[in-house]
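Here is a short report on one protein model. Have the sequence and the 3D view open as you read.

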Amino acid sequence: MKSSIYITLFLFAGVTGVFSCRNPGHRAPGRSDRTDSSLNALPESHSDPVVASGDTLTICTFNIQFLGAFHKRDNEALADVVKDFNIVVVQEMVAPPVDGLFPDGTSYQADPESGKFTQAMKDRGFRFLLSQEDTGTGNNNHSNGTATEWFICFYDSTRVSFAPDLPYGFLADDRSNHPDFERVPYAFPFRSINNQGDFVLISIHLNPGSSETDAERRKHEISSIHRWIMEHSGTEKDFLILGDMNIEDSAELAGALPQGMVSLNDECRRTNTLINNTPPDFGAKPYDHIFYDIVNTSLEIDTEFDCQVIDLVTLLQAFWNGPGPYPGSPYVHNTFRQYYSDHHPLVFRYRVLHHDDD
């Protein structure tokens, strides 16, 4: 959102890299609004009188590749990366972390690998919301394979609560082979614990690929999401679209943004972990974004904080205990993604106003 000046902030005693765009006039980093020191590079809440004291929420969107498929996953390290955020929206969970019933009444069983990450998050104080089934491109869902995904969102219940009176759930009834979506997005509604603000987070994972056809498909998906928002924005106006959009570059972003919406990652900073040593780095892609409506939600978005891309490759070296050398130094993509992910987390701040302006 600001001038494209990259700086590196260091967290975890100088280990964590955070890619950020800030102009020289921005305030120096302070501490997070939670007591743990692991986010000491994130700025404090503003003193703006329109903001309810203590109610600036830190929200993270994080695609964890094939969560539930890789046995090597270091769930404890990943949970430590995001433990200080108030809401963590995760994409690409491929199997359910708990037992339950599908909407058709058939049962599903907890997947041990998904369950380990979910338990790690619960151990750090989070509650979670889980979609009622998986969704994917093919004709069949209800499979614990990588062709379909579950949507899950973790939240700090001392700061926000689930708001079922707001629009929530899948954006379409048919969750398999949908004409408008590769994976039907999921809406998670929240309300601040002091009841002074509410909003809806729409978690998405769009069609991948670098062809023109792929880009057109993504544009159609985004347009379909925006249409759903327009149809459901009666009393609630604060909708944010966030997640893995697979957007290739700034030109595609400009053509795909719905009218009246902007991206907090409009500089198109890289959000994937892939490192390609052939200059320029052809592996760098701005896949992940946060869209918001500049008319209805601009006051709530902390645009001074902008958004930050947490550099997992730099951060996680401090957590590595083997076996073998750390797969981020030198970077070994296939190994790194199995232990961690192929995407960096993206973080922004949402300001709860004294009076909700919906």
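The report goes from the whole chain to its strands, then to one helix, one loop residue and the empty spaces.

**The whole chain**

This is a predicted model. The protein chain has 358 residues, and 58% of them count as buried. Its secondary structure comes to six helices and 18 strands. About 13,900 Å² of the protein chain is exposed, and carbon and sulfur atoms supply 51% of that area. How do contacts spread along the sequence? Take the contacts between residues at least 6 apart in sequence: 72% of them join residues at least 24 apart.

**Strand β12 and its partners**

Start with strand β12, which spans residues 186-192. Seven of its seven residues are buried. In a regular strand, side chains alternate between the two faces of the sheet. So which residues of β12 are buried on one side, and which on the other? On one side are Tyr186, Phe188, Phe190 and Ser192. On the other are Ala187, Pro189 and Arg191. Both faces of β12 are covered.

Strand β12 pairs with several neighbours. The table lists pairings of β12 and of β13, with the bridges in each.

| Strand pair | Direction | Bridges |
|---|---|---|
| β10 (residues 160-162) and β12 | antiparallel | three |
| β11 (residues 169-170) and β12 | antiparallel | two |
| β12 and β13 (residues 198-205) | antiparallel | six |
| β13 and β14 (residues 239-244) | parallel | six |

Now look at single residues in these pairs. Phe190 in β12 is the bridge partner of Phe162. Phe190 also stands opposite Phe199 in β13. Ala187 plays a like part: in β12, Ala187 is the bridge partner of Gly169, and Ala187 stands opposite Ile202 in β13.

How do β12 and β13 connect? They form a hairpin, with five residues between them. Asn195 sits in the turn and has a positive phi of about 65 degrees.

**Strand β13**

Follow the hairpin into β13. Eight of the eight residues of β13 are buried, so the strand is largely enclosed by the rest of the structure. One side carries Asp198, Val200, Ile202 and Ile204. The other carries Phe199, Leu201, Ser203 and His205. Both of these faces are covered.

Strand β13 runs antiparallel to β12, but parallel to β14. Ile202 shows both links. Ile202 has Ala187 opposite it in one pairing, and Ile241 in β14 opposite it in the other.

**A helix and a loop residue**

Helix α1 covers residues 75-82 and is mostly covered, with seven of its eight residues buried. The buried ones are Asn75, Ala77, Leu78, Ala79, Asp80, Val81 and Val82.

Thr273 belongs to a loop, between β15 (261-263) and β16 (288-293). Is Thr273 buried or exposed? Thr273 has a relative accessible area of 1%, and buried means under 20%, so Thr273 is buried. What does Thr273 touch, leaving out residues up to four places away in sequence? The contacts are Val313, Tyr331, His333, Phe336, Ser341, Asp342, His343 and His344.

**Empty spaces**

Rolling a probe the size of a water molecule over the atoms shows where empty space is left.

The largest pocket has a volume of about 260 Å³. It is lined by 19 residues. Which of them lie nearest its centre? They are His205, Pro208, Asp244, Asn246 and Asp342. His205 is also one of the buried residues of β13, and Asp342 is one of the contacts of Thr273. By class, the lining has three nonpolar, nine polar and seven charged residues. Strand β3 (residues 51-67) gives the largest share of this lining, three residues.

How many cavities of 30 Å³ or more are there? The count comes to two. The second largest cavity has a volume of about 30 Å³. Its lining is made up of Gln196, Gly197, Asp198, Asp238, Glu300, Tyr350, Arg351, Leu353 and Asp356. By class, two of these are nonpolar, two polar and five charged. Strand β18 (residues 346-353) supplies the largest share, three residues. Asp198 in this lining is also one of the buried residues of β13.

Methods. Residues numbered from 1 in each chain as written. Predicted model: local features only at pLDDT ≥ 70, side-chain atom pairs only at ≥ 80, totals over all residues. Heavy atoms only, no water. 1 Å grid on protein atoms, 1.4 Å probe; cavity = no way out; pocket = protein on both sides within 12 Å on 5 of 7 lines; lining within 4 Å. Points joined across faces, edges and corners; volume = space filled by probe spheres on them. Helix = DSSP H or I, 4+ residues; strand = E, 2+ residues; numbered from the N terminus. Nonpolar A, V, L, I, M, F, W, Y, C, P; charged D, E, K, R; others polar. Buried < 20%, exposed > 50% of the residue type's maximum accessible area, 1.4 Å probe, protein only. Contact = heavy atoms within 4.5 Å. Areas by Shrake-Rupley, 256 points an atom, 1.4 Å probe, with all protein chains shown as cover. Pairing = 2+ DSSP bridges.
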